[in-house]
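Visitor: I have a structure to go through and some quick questions. Can we start?
Guide: Go ahead; here it is.
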Amino acid sequence: LADLQNWRFLHGVRDSVLGLLGPLTSADLMESSGEGLKVAYQGFPGAYSEAAAKKAYPNCQTVPCEHFDTAFQAVQNWIVDRAVLPLENTLGGSIHRNYDLLLRHELHIVGEVRLAVRHCLLANRGVKIGNLRNVISHPQALAQCEHTLTELGIEHRQAVDDTAGAAKLVAEQMLQDTGAVASSLAAELYGLDILAENIQDEKVNVTRFMMLAREPIIPRVDKPFKTSIVFSLEEGPGQLFKALAVFALREINLTKIESRPHKKRPFRVADDAFSTRVKYFDYLFYVDLEASMADPKTQNALRNLEEFATFLRVLGSYPTDVSEA
């Protein structure tokens, strides 16, 4: 009970999170397969995010959303039970929009899932690669296939909101000189031919997705766990070093650190070495720990950090995805 009370206190900052751990709901009692769960994702049917949602909850009902913030709102407003949204990609890096949305919404990361992204070049039936003058897709997908598309002789690219949406557009408008970069499932759904497979410039192309829920899960120590936090610090030499040291001193491994400008407090004013008033960017630091909030040393590390952090919030403590991408 003491550990549970400690975790409830640390799952955020002081009074803002006390009592968030509510009674069990029917969703908590459902099988891990996701039977009966409604799971939101961003994009059209056939998007990689839908595949990630199906990998996370194989028997769920997937619900497409136009934008990332729509998926957040769908969970927050009880329209769906979960959302599965991308956080980072091995080629394209972090999806910054979702880091910002984590702070805007009172949702919790309850899991992660890694998905191998295998891009295909799609076009309408009868269209050959030599007929293509243009290709459309999500900006990250286009960036991930840049060199391959150039080698195929396709110089013009157009960014749209979603890979599956690009396939849908090509099919609906019966475009003859434009292809789409999307999944093989999108080709099947929208009746397109696959002109080339695995066209990403690097064959290892994996996206890490987060699973979001209204309530946190109770962390455990009998399996690998991650804990995601976000914090900000006062201005001063060695503050970030001091913050990271609270984990190093307890032998807690950090798997990721991401800094984002503090939107509510974008600048801090300080004197430089020449006694000149200078405006500096103020930052939020997102950190993933290879640790569970059920572990006392993790709780102690965050108590230590809270002593000098100006802001601290635990975004989630959840099982590590150890499956094949």
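Guide: One term to begin with: a contact means heavy atoms within 4.5 Å. Also, this is a predicted model.
Visitor: What share of the contacts with a separation of 6 or more comes from residues 24 or more positions apart?
Guide: In this protein, such residues account for 76% of those contacts.
Visitor: And how much of the protein is buried?
Guide: Of its 325 residues, 49% are buried. The exposed area is about 15800 Å², and carbon and sulfur atoms supply 53% of that.
Visitor: How many helices and strands?
Guide: Ten helices and 17 strands.
Visitor: Moving on to the open sheet of four strands. What's the order?
Guide: The order is 13-16-12-17, and the pairing is antiparallel.
Visitor: Which strands stand at the edges?
Guide: Strand 13 (254–261) and strand 17 (309–319). Each has a single partner strand, so one side of each has no neighbour in the sheet. On average, neighbouring strands here are turned by 15° against each other, direction ignored.
Visitor: How many bridges link strand 13 and strand 16?
Guide: Seven, in the antiparallel sense, with strand 16 covering residues 283–289. As for a single pair, R260 has L284 in strand 16 as its bridge partner.
Visitor: Which helix lies across strand 12, strand 13 and strand 16?
Guide: Helix 9 (residues 239–248), which runs at about 155° to strand 12 (225–233).
Visitor: And what does helix 10 touch?
Guide: Helix 10 (residues 296–306) packs on the sheet and touches strand 12, strand 16 and strand 17. The direction of helix 10 makes about 160° with that of strand 17.

Conventions:
Residues are numbered from 1 along each chain as its sequence is written. This is a predicted model: local features need pLDDT of at least 70, side-chain atom pairs count only at pLDDT 80 or more; totals for chains, interfaces and linings use all residues. Side-chain values use heavy atoms; hydrogens and water are left out. Helices (H or I, at least four residues) and strands (E, at least two) are DSSP runs, numbered from the N terminus. Buried means under 20% relative accessible area, exposed over 50%, partly exposed in between (1.4 Å probe, protein chains only). Accessible areas come from the Shrake-Rupley method with a 1.4 Å probe; for residues, only the protein chains shown count as cover. Two strands pair if DSSP finds at least two bridges between them. Axes are lines fitted to C-alpha atoms, for helices over the stretch in contact, and angles run from 0 to 180 degrees between N-to-C directions.
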